[in-house]
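Here are my notes on the model, point by point. Please read them with the structure open.

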Amino acid sequence: MPLLINGDRIDLAQPPGELIRTYPHLEEKARVLRGQPAQTVGPKGLLYIQQREFAVTTPKDGSVSILGSDDATTCHLVVLRHTGSGATCLTHCDGSSTQAEVSLIMSAVKSFSNDTECGRLEVHLVGGFNDDRQLSQKLTNQLLKLNDRKEKDNHFPIIYGIAVNVKTAEIFHATFPDKGPDEDLRSAHMLTGAPMTNIYDAKREQLHIGPYFWMPFPHVDFWLEQDDKQILQNLSTSPLAEPPHFVSHLRSALLFLKEHPFPDDSLFPNRNPRLYKKTEEGLWERLF
């Protein structure tokens with residue numbers, strides 16, 4: 001499928017900087033987003049997306065109206081929306097298998113738009129910065145101006161997180177104190193090398209986690225014994241730019257992996273997913 005900007009077909013081989021120079025309105029829209037203060041998004045109506053997860057829903061959804069994700073440094077947050085049906089996908093990409101992930105999320109959005117006679121797919125990319133290893137630039141090129149600020153010769157992202165309002169299509173700078181249920185389980189799944197995973201059934205309006213399976217995580221005791229500096233330097237793609245809670249979050253996921261070396265026994269004994277649905281108060285409640 002071709003990428004169009006203002007009706008012009010884009011050569012995907014050209015670098016992002018050249019696109020910005022050719023279509024300056026892209027930089028202006030990015031400047032507006034970068035200038036926004038981060039909004040704190042509460043749990044009501046929110047579906048939070050972790051790294052290597054995605055979810056799709058539509059404006060008809062009675063439970064979820066906001067898709068959100070944060071903690072993106074070299075990762076990219078991708079919003080794909082069909083203008084006819086309003087079907088919207090948010091995914092948190094880390095470059096692990098980009099080509100397969102793009103096909104996956106496009107198919108997911110189109111599955112909600114088959115009965116729509118008109119409309120197009122719109123894509124929005126947020127994330128990445130001018131990191132030392134140029135991982136952000138590589139991922140931007142794979143997916144299609146970087147989100148960069150500089151302090152004392154070190155580079156940092158301006159925006160770590162965004163939310164998209166499924167009903168209005170508004171995308172805004174956001175943070176999320178509540179990241180939804182099974183946070184450690186979902187993070188552990190990612191650490192074991194899991195592929196991109198769809199976590200939401202929009203037709204049933206249910207969050208579904210798993211079933212996930214992994215082998216005992218190698219050297220987990222070794223990593224849990226390391227100090228914060230060693231974990232940051234060795235388990236982050238951008239040690240200087242990580243948010244303050246990065247190490248504690250990672251330790252919690254590693255501890256979860258130690259406590260559940262065989263999740264098919266301890267967490268998914270019947271090979272069924274852990275299902276959640278929003279209550280009237282907007283909180284996730286486990287069904288079974």
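1. Which helix gives the most to the lining of the largest cavity? Helix H5, residues 183–191, does, with three residues. Keep in mind throughout that this is a predicted model.

2. The lining itself is worth displaying. From the earlier part of the chain come Gln51, Arg52 and Glu53. Arg186, His189, Met190, Ala194 and Pro195 complete the list. By character, the lining residues divide into three nonpolar, two polar and three charged. The space inside this largest cavity comes to about 40 Å³.

3. Next, helix H3, residues 98–111. Its 14 residues reach 20 Å from first C-alpha to last. That is close to the 20 Å expected at 1.5 Å a residue. Buried here are Thr98, Glu101, Ile105, Met106, Ala108 and Val109. These buried residues lie on the same side of H3, because they cover an arc of only 160° around the axis.

4. Helix H8, residues 246–259, passes the length check as well. At 1.5 Å a residue, its 14 residues should span 20 Å, and the end C-alpha atoms are 20 Å apart, so the two values agree.

5. What is buried on H8, and what covers it? The buried residues are Phe246, Val247, Leu250, Ala253, Leu254, Phe256 and Leu257. Their cover includes H5, along with helix H6 (220–225) and helix H7 (228–235).

6. H5 therefore deserves a second look, because it appears in two places: H5 gives the most to the cavity lining, and H5 is among the elements covering the buried residues of H8.

Methods
Residues numbered from 1 in each chain as written. Predicted model: local features only at pLDDT ≥ 70, side-chain atom pairs only at ≥ 80, totals over all residues. Heavy atoms only, no water. 1 Å grid on protein atoms, 1.4 Å probe; cavity = no way out; pocket = protein on both sides within 12 Å on 5 of 7 lines; lining within 4 Å. Points joined across faces, edges and corners; volume = space filled by probe spheres on them. Helix = DSSP H or I, 4+ residues; strand = E, 2+ residues; numbered from the N terminus. Nonpolar A, V, L, I, M, F, W, Y, C, P; charged D, E, K, R; others polar. Expected span 1.5 Å × (residues − 1). Buried < 20%, exposed > 50% of the residue type's maximum accessible area, 1.4 Å probe, protein only. Arc of directions from axis to C-beta. Contact = heavy atoms within 4.5 Å.
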